[in-house]
Amino acid sequence: MIDVKTPNVVVLGAGYGGLVATTRLHKQLGVNEANITLVNKNDYHYETTWLHEASAGTLHHDKVRYGVKDVVDNRVNFIQGTVSEIKRDEKEVVLQSGETLSYDYLVVALGAIPETFGIEGLHEHAFMISNVNGARLLREHIDYQFAKYSNSDEKDESLLSFVVGGAGFTGIEFLGELTNRIPELCREFDVDYHKVRITCVEAAPMVLPGFDKELVDYAVAQLERKGVEFKIGTAIKQCTEEGIICQKGENDPEEIKAGTVVWAAGVRGNPVIEKSGFQEMRGRIKVEADLRAPGEDVIFVIGDSALVINPEIDRPYPPTAQIAMQQGEVCANNVAKLVKGETNLESFTPDLKGTVCSLGEDDAIGLVFGRKLFGTKASIMKKVVDNRALYMIGGPSLVLKKGKFKIF
Ligand code: FAD
Ligand code: NAD
């Protein structure tokens with residue numbers, strides 16, 4: 001009898017893409033068909049799409065995360081570890097601990113990191129919204145700024161000055177939460193609300209570049225009403241201990257003093273991709289239609305690590321959780337097919353249902369199935385979207401445990 005080895009399927013990353021892929025692979029592959037291993041830095045998954053709330057302190061960080069083992073079957077071998085490199089020739093994954101894992105099929109779903117475009121001082125002085133640790137640090141820092149201001153005799157108003165770099169979806173969603181939190185902080189620390197300054201600096205000529213103008217105008221008006229000053233067509237050039245230097249066109253550079261600078265100006269793929277020698281563009285791999293990396297028979301790449309071109313505009317689809325989860329499903333189907341010896345792999349085509357951008361817990365804008373939504377309706381839709389992501393990964397029990405149900 002021929003001894004056929006059970007193949008090892010290894011999934012890297014327990015974010016949206018990795019968890020959908022893992023749960024679907026477990027459903028499709030029996031115990032004798034494949035060993036499934038999931039590797040993730042933490043023993044928990046976090047809702048990246050809720051991190052702006054944890055960062056501003058409007059939602060506790062424990063609400064935005066749940067244990068990986070709560071949603072993944074015991075048959076999946078879960079390893080808490082940090083991937084440092086993929087050795088494609090050896091078909092091995094190297095972890096920071098020095099441990100190596102061999103794979104027959106690999107799913108790379110390691111997400112993204114903030115893109116700093118080499119701007120001086122950002123890594124040292126700016127806060128970024130990209131994981132639970134960063135969110136916790138930013139929330140603590142914001143509280144501390146208020147406490148420090150209250151406790152000082154010589155009032156340094158830069159402690160109450162906040163700069164958000166980038167008016168993309170992350171920057172706008174964070175501003176929505178921050179502006180809801182500020183009045184609460186002012187009351188808690190006996191600070192005059194009018195002393196607080198919030199500036200959003202955006203390099204492009206409009207807020208939320210490319211999004212529907214009527215919705216953008218609504219968002220800007222709402223945030224301005226809550227105290228945000230927008231500097232549009234103005235690029236951050238440097239971040240310092242005292243704040244930022246920015247520049248509008250050919251004008252002279254301007255300094256904005258700020259005790260808190262939040263950099264929310266885009267993402268690039270996980271550095272493991274570059275380190276592992278894949279052909280990449282800003283850390284993202286332009287995948288084939290079946291989600292495999294070019295020239296690779298057994299390596300699939302999904303989520304923010306992957307790049308898929310929208311043929312209608314010949315530009316990449318924006319990296320979103322919506323796409324990551326859809327890719328997780330197609331990728332699981334394709335890996336299962338290969339394991340079963342089938343060769344008719346599925347092609348991935350995003351099924352975009354729309355975009356909803358929150359402006360705080362009670363307000364939002366959205367373009368869903370072609371319909372524009374504002375205010376409460378959009379905000380309810382945002383909660384539906386957030387709960388749906390929970391449902392797709394952990395079913396109704398996870399929705400009941402972690403879901404958002406507060407409707408106004
Ligand atoms: P992630 O969900 O980020 O998961 C990556 C996983 O890999 C994490 O668990 C991480 O810990 C792990 N990991 C990373 N490096 C390593 C390593 N070296 N070793 C081991 N594990 C590692 N998209 C939407 O569609 N709708 C939204 O409303 C929305 N809101 C957003 C709000 C914010 C504030 C932000 C920042 C993003 C938002 N996005 C939204 C974008 C969305 O969050 C991402 O596109 C999505 O998270 C990508 O999923 P992923 O599976 O590729 O990566
Ligand atoms: P983004 O790339 O969408 O926006 C970044 C913004 O920063 C851009 O408007 C850009 O012009 C600006 N910028 C770049 N360099 C700058 C500089 N030097 N100074 C000032 N501004 C500068 O990035 P993001 O907002 O971090 O979003 C990342 C991804 O996550 C996107 O794909 C987005 O669609 C997705 N996302 C979606 C939602 C949602 O659907 N509600 C929420 C957050 C993020």
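Select Ser276: at 7% relative accessibility, this residue counts as buried, since the cut-off for buried is under 20%. The model is a predicted one, so read each stop of this tour as a statement about computed coordinates. Ser276 sits in the loop between helix H7 (271–275) and strand S20 (285–286). Keep Ser276 selected and add Glu85, Ile86 and Arg88, which Ser276 touches when residues up to four places away in sequence are not counted. For one of these, Ile86, draw the C-alpha to C-alpha distance to Ser276: 5.3 Å in space, against 190 residues in sequence.

Next, go to Gly210. Is Gly210 buried or exposed? Gly210 counts as exposed, with 76% relative accessibility, because the cut-off for exposed is over 50%. The loop that holds Gly210 runs between strand S13 (197–202) and helix H6 (213–225). Now add Gly168, which is 42 residues from Gly210 along the chain. The C-alpha atoms of Gly210 and Gly168 are separated by 9.7 Å.

Then select the cysteines. How many disulfides are there? The count comes to 0, where a disulfide requires two cysteine sulfur atoms within 2.5 Å. Start with Cys239 and Cys246: the sulfur of Cys246 is the closest cysteine sulfur to that of Cys239, yet the distance is 11 Å, too far for a bond. Cys239 counts as buried, at 2% relative accessibility. Move on to Cys357, which is in no disulfide. The nearest cysteine sulfur to Cys357 belongs to Cys200, 11 Å away. Cys357 is also buried, with a relative accessibility of 0%.

Finally, clear the selection and show the whole protein as a cartoon. The view contains 9 helices and 27 strands. The radius of gyration is 22 Å, close to the 22 Å that the globule rule gives for 408 residues, so the protein is as compact as a globular protein of that length. Along its principal axes the C-alpha trace spans about 85 × 45 × 45 Å.

Colour by accessibility: buried residues make up 53% of the 408 residues. Switch to a surface, and about 19000 Å² is exposed, 49% of it supplied by carbon and sulfur atoms. In a contact map, look at pairs with a separation of 6 or more: residues 24 or more positions apart account for 66% of those contacts. Last, select the charged groups, 46 positive and 58 negative; the mean positions of the two sets are 4 Å apart.

Key. Residues numbered from 1 in each chain as written. Chains lettered and ligands numbered in written order. Predicted model: local features only at pLDDT ≥ 70, side-chain atom pairs only at ≥ 80, totals over all residues. Heavy atoms only, no water. Helix = DSSP H or I, 4+ residues; strand = E, 2+ residues; numbered from the N terminus. Rg over C-alpha atoms; globule rule 2.2 N^0.38 Å. Buried < 20%, exposed > 50% of the residue type's maximum accessible area, 1.4 Å probe, protein only. Contact = heavy atoms within 4.5 Å. Areas by Shrake-Rupley, 256 points an atom, 1.4 Å probe, with all protein chains shown as cover. Lys, Arg positive; Asp, Glu negative; His and termini not counted. Charge placed at Lys NZ, Arg CZ, Asp CG, Glu CD.
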